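Hi,

Here is the structure I promised to pass on. Could you have a look when you get a minute? My notes are underneath.

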Amino acid sequence: MTNFPLGDMPLSGPPWLFLLLLLVIFFLHLVSMWFLVGGLLVGLTEVIKNKTNWKESKSIRYLPIVMALVMNLGVPPLLFLQVLYPPFFFSSSIIIAAPWLGVFFMLMTSYGLIYAARYGAQRQWQAILFLSISAVVALGISFFFSNNMSLMIKPELWQQLYSYKQNGLNLYPNLPEVVSRWSWILSTSFIAGAALLNRSKYWAIPSALISIFGLLSYKGFLAPEILNFQLVNIGMGFDFVLAALLVLLVVVPIKDNKLQRRLFFLWLALKGLSVVAIRHGIRTASLDPVYSLDKLPLQVQPYLLTIFLLSVVIGLGAVVWMHINGRKGLAV
């Protein structure tokens with residue numbers, strides 16, 4: 001594999017700053033995405049069971065707020081990827097152009113159906129139908145994301161895929177690999193949805209099992225030099241420990257429901273850190289030999305950097321404002 005050009009346009013700030021923002025905001029997006037997918041999957045069972053007061057189901061009331069957070073927190077990480085890894089992110093996106101561009105329309109569809117279930121459904125079956133389709137579409141979006149992120153770190157596959165099919169309809173060629181990665185990351189959705197909606201703690205069991213088997217399967221597709229990368233090695237060990245701790249939280253009786261929910265939320269935060277660390281470790285181990293962030297051209301522009309950091313603060317403040325006011329409007 002040959003080295004990639006580092007580009008002619010210098011960064012206006014140090015790469016570590018953009019990388020830090022990428023990881024922090026992706027962590028927030030990842031956790032909110034778990035709440036969304038889990039809220040849809042677990043919430044469907046709540047709506048189905050609650051025949052008389054289905055409009056009062058937490059899933060019906062919470063999901064529009066969670067979806068808004070997912071969308072607002074999902075854009076910045078993609079922008080930071082474009083800043084730090086442009087030759088990789090743009091190339092993989094072009095190769096799978098059709099499904100990647102389709103993500104926008106799928107996102108609007110999933111968003112609209114959640115609002116339709118919240119404000120437009122007049123009957124229970126309509127809400128169930130809207131939420132079911134929204135869940136399937138959301139799962140499809142996450143699958144296409146996994147395809148793009150997997151292909152992004154495998155430049156040795158680009159020429160082969162582009163030569164085979166130039167219509168933008170490619171996906172990552174190794175389906176078992178991308179499915180194992182996708183299922184491992186999404187496995188946390190079950191317990192996230194249960195914690196959000198205060199449902200049965202036994203939703204933790206499928207989360208733990210899918211996480212363990214998904215990561216074990218994904219490990220089998222990674223090269224030794226990636227598995228031996230320190231961040232990946234430690235992160236994967238920590239991830240397996242977290243899965244065991246999740247089962248322990250189910251087995252050990254905790255009478256205080258609030259305490260148990262708090263423990264689940266703490267577990268979700270640790271799981272988010274684990275997934276972010278492993279993904280970053282795999283990306284770094286894969287791309288560092290041909291594209292080191294430390295060598296990117298740099299021309300610090302203090303005024304531009306100040307405006308940028310101010311916009312980040314304002315953006316995070318807007319997310320907090322949305323969360324606070326969204327909770328106030330849950331009863332509406």
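Below is what I found, going from the overall fold down to single residues.

Keep in mind that this is a predicted model. The protein has 13 helices and zero strands, so to speak an unbroken run of α in the pattern along the sequence. The radius of gyration is 21 Å, which agrees with the value near 20 Å that a compact globule of 332 residues would have. Along the principal axes, the C-alpha atoms fill a box of roughly 65 × 40 × 40 Å. Buried residues make up 49% of the 332. If you take the contacts between residues at least 6 apart in sequence, 83% of them join residues at least 24 apart.

Two helices are worth a look for how they pack.

Start with helix 9, residues 204-219. Its 16 residues reach 22 Å from the first C-alpha to the last, close to the 22 Å expected at 1.5 Å a residue. Which of its residues are buried? They are A204, S207, A208, S211, G214, L215 and Y218. Looking down the axis of helix 9, these buried residues fall within an arc of 145°, so they line one face of the helix. The spacing fits the textbook picture: an α-helix has 3.6 residues a turn, so residues three or four places apart point the same way. As for partners, the buried residues of helix 9 pack against helix 7 (175-186), helix 8 (189-197), helix 11 (230-251) and helix 12 (257-287).

Helix 3 (residues 86-95) can be read in a similar manner. Here F88, F89, S92, S93 and I95 are the buried residues. They cover an arc of only 165° around the axis, which puts them on the same side of helix 3. Covering them are, among others, helix 2, helix 4 (97-120), helix 5 (124-152), helix 6 and helix 12.

Then the aromatics. How many aromatic pairs does a search of the whole structure find? It finds 15. One of them is F18 with F80, a tilted pair at 6.4 Å centre to centre and 40° between the planes. F18 lies in helix 1 (residues 15-49) and F80 in helix 2 (residues 58-84), so this pair ties together parts that are 62 residues apart in sequence. Are F18 and F80 buried or exposed? Both are buried. Now set that beside F104 and F105, which form an edge-to-face pair, 5.3 Å centre to centre with 80° between the planes. F104 and F105 are both exposed.

There is also an aromatic cluster, made up of Y85, F88, W158 and Y291. F88 is one of the buried residues of helix 3 mentioned above. Y85 has a charge over its ring as well: the charged end of R283 sits there, 5.8 Å from the ring centre.

Finally, a few single residues to click on.

- V47 is in helix 1 and counts as buried, at 0% relative accessibility. Leaving aside neighbours within four places in sequence, V47 is in contact with W54, S57, S59, I60, Q124, A127, I128 and L131. The C-alpha atoms of V47 and V24 are separated by 33 Å, with their positions 23 residues apart along the chain.
- N198 is in the loop between helix 8 and helix 9. Its phi is positive, about 60°, although N198 is not a glycine. N198 counts as partly exposed, at 29% relative accessibility.
- N167 sits in the loop between helix 6 (158-164) and helix 7. With a relative accessible area of 48%, N167 is partly exposed. N167 and T45 are 122 residues apart along the chain, and their C-alpha atoms are separated by 40 Å.
- P297 is in the loop between helix 12 and helix 13 (302-328). P297 is partly exposed too, at 25% relative accessibility. The C-alpha atoms of P297 and Y85, the latter a member of the aromatic cluster, are separated by 13 Å, although the two residues are 212 apart along the chain.

That's the tour.

Cheers

Key:
Residues numbered from 1 in each chain as written. Predicted model: local features only at pLDDT ≥ 70, side-chain atom pairs only at ≥ 80, totals over all residues. Heavy atoms only, no water. Helix = DSSP H or I, 4+ residues; strand = E, 2+ residues; numbered from the N terminus. Expected span 1.5 Å × (residues − 1). Buried < 20%, exposed > 50% of the residue type's maximum accessible area, 1.4 Å probe, protein only. Arc of directions from axis to C-beta. Contact = heavy atoms within 4.5 Å. Phe/Tyr/Trp six-rings, centres within 6.5 Å; stacked < 30°, edge-to-face > 60°. Lys NZ or Arg CZ within 6 Å of the ring centre and 35° of its normal. Rg over C-alpha atoms; globule rule 2.2 N^0.38 Å.
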